[in-house]
Amino acid sequence: MEQASRKYSVFDVEVLKWELERIGVKALHVFTIWTHVLAHPDTEAHDVPGLPFAAIDMIKEKFKTLTSQVKDQETSADGTTTKLLIQLQGGQSVEAVIMRHDAGAGKYAGGPRQGGSRATLCVSSQVGCQMGCTFCATGTMGLKGNLSAGEIVEQLVHASQVTPIRNIVFMGMGEPLNNYKSVVEGIQIMTGRCFGLSPSHITVSTVGVIPRILSIANDLPGVNLALSLHAPTQELRCQIVPTAKAYPLHKLMAALNSYQTISRRRVLVEYVMLAGINDSDEVAHQLGTLLKDHNVTLNLIPYNPATSSDYKPTSQEDLTRFQKILRGVHGVRTTIRQEMGQDIAGACGQLVISQSVKQSPKLTDIEDMCSS
Ligand code: SF4
């Protein structure tokens, strides 16, 4: 249990159910509470009509409708992107980013999709991250804490007050599979009766936590997996993703095979392009050989220099050449994010807390990326 002054979110479902059952109140009241507070976000949960008396005092003492609050909100000039700076009750902050796509534009039309009805929310799962990927701003923070299921769901609640959300990507701060229980619980709420999101519109991105890759296909059927690969050999991957030492490439690819055997889903492979590091022709061929027999979409992501490491972005010309080798020689379905250094939707580690959205990034629709 936490300190007396801290309260749980009503979306911390396991705690809420346990507390209700402890006082003899049926867990079905959880749905009544959520429905009411979503329709009336300014109401406190204990004011929900029809709650048993025993539940009112308990909820008043231990729960809040929202434990977090939006401290800042910034929308790009063209209206495609909105960043929410969300303060947790402990005082720490995370970001959630809303990206809007035009559902009317054709797939892979070669340009950004302005406005329109599809909105994707990029959520954070941790404050900071312990994985230490060498291109990543969040990785330099170390791990400051795990978000609860309620804090994860609250990002959706806040964003839904800005625009209706259709897709969720776990590509904000943190390694989602290192906060597995809360992420699974949060997604189960998002895809449940109240929020009703389709599992196929949710993508969990990992840098490769092998034991959890093996369990996620069973725990979250229908949800998409994105794998942040960034290198096709163990040696190179260890330079970019230090945790590859604990989760070596051959075991990671075996885990990917097992995941796909169970899930039967196409996997999005994320690859941040770092000039002179992982963008040579030789590396392209190694990557093609590694991926050609897998059901994947490879997403080449221009490195975002705002993440302030020593890396440099690959030139547009080299990106195109790299893609041609993957596509033309190895037949790997490969896409490129177009806007150099601005794409906040690319992968975990490409979301930068202090980066302004005034110059809006061009966006690729995650729904297209994950479709089979
Ligand atoms: S890239 Fe992702 S997994 Fe790696 S340190 Fe950054 S947030 Fe963590």
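These legends walk through close-up views of one predicted model. Being a predicted model, it has local features listed at pLDDT of at least 70 and side-chain atom pairs at pLDDT 80 or more, while totals for chains, interfaces and linings use all residues. Residues are numbered from 1 along each chain as its sequence is written, and side-chain values use heavy atoms, with hydrogens and water left out.

**View 1. The largest nonpolar core, with 98 residues.** A nonpolar core here is a set of buried Ala, Val, Leu, Ile, Met, Phe, Trp, Tyr and Cys residues joined through side-chain atoms within 4.5 Å. Buried means under 20% relative accessible area, exposed means over 50%, and partly exposed is in between (1.4 Å probe, protein chains only). Ile33, Ile168 and Phe170 have the most contacts inside this core. Both domain 1 (3-64) and domain 2 (69-370) give residues to the core, so it lies between them; the domain bounds come from an automatic or database assignment. A separate core of seven residues includes Val97, Met99, Val169 and Met171. Zooming in on Ile168, and skipping residues up to four places away in sequence, you'll find it touching Leu121, Val123, Leu156, Met190, Leu197, His201, Ile202 and Thr203 (a contact is heavy atoms within 4.5 Å).

**View 2. An open sheet of ten strands with mixed pairing.** The strand order is 3-4-5-6-9-10-11-12-13-14. Strand 3 (69-75) and strand 14 (334-336) sit at the edges, each pairing on one side only. From one strand to the next, the twist averages 20°. Strands (E, at least two residues) and helices (H or I, at least four) are DSSP runs numbered from the N terminus, and two strands pair if DSSP finds at least two bridges between them. Strand 4 (residues 81-87) and strand 5 (residues 93-101) are an antiparallel pair with seven bridges, and Thr81 stands opposite Met99 of strand 5.

**View 3. Strand 11 and its parallel partner, strand 10.** Four bridges join these two strands, with Ser205 opposite Ala226 of strand 11. Strand 11 is mostly covered, with five of its five residues buried. Asn224, Ala226 and Ser228 point one way and Leu225 and Leu227 the other. That fits the usual picture: in a regular strand the side chains alternate between the two faces of the sheet.

**View 4. Helix 5 (residues 180-190) across strand 9 (167-170) and strand 10 (202-206).** Helix 5 runs at about 175° to strand 9; axes are lines fitted to C-alpha atoms (for helices, over the stretch in contact), and angles run from 0 to 180 degrees between N-to-C directions. Nine of its eleven residues are buried, so helix 5 is largely enclosed by the rest of the structure. Among those buried residues are Tyr180, Val184, Ile187 and Met190, along with Glu185. Their cover includes helix 1, helix 2 (29-39), helix 4 (149-160), strand 9, strand 10 and helix 6 (210-219).

**View 5. Two of the aromatic pairs, from a whole-structure search that finds five.** Rings of Phe, Tyr and Trp (its six-membered ring) pair if their centres lie within 6.5 Å; planes under 30 degrees apart are stacked, over 60 edge-to-face, and the rest tilted. Phe11 and Phe195 make a tilted pair, 5.9 Å centre to centre with 55° between the planes. Phe11 is in the loop between strand 1 (8-9) and helix 1 (13-22) and Phe195 in the loop between helix 5 and strand 10, so the pair ties together parts 184 residues apart in sequence. Both phenylalanines are buried, and ring pairs link them with Trp34 into a cluster. For Tyr303 and Tyr311, the ring centres are 6.1 Å apart and the planes at 85°, so that pair is edge-to-face. These two tyrosines are buried as well.

**View 6. Three loop residues: Ser124, His230 and Arg264.** Ser124 is in the loop between strand 6 (118-122) and strand 7 (126-128) and is buried at 0% relative accessible area. Its C-alpha is separated by 6.7 Å from that of Met171, 47 residues apart along the chain. His230, in the loop between strand 11 (224-228) and helix 7 (234-240), has phi near 70° and is buried at 1% relative accessibility. Arg264, in the loop between helix 8 (249-263) and strand 12, has phi near 55° but is exposed at 68%. For context, most residues other than glycine have a negative phi.
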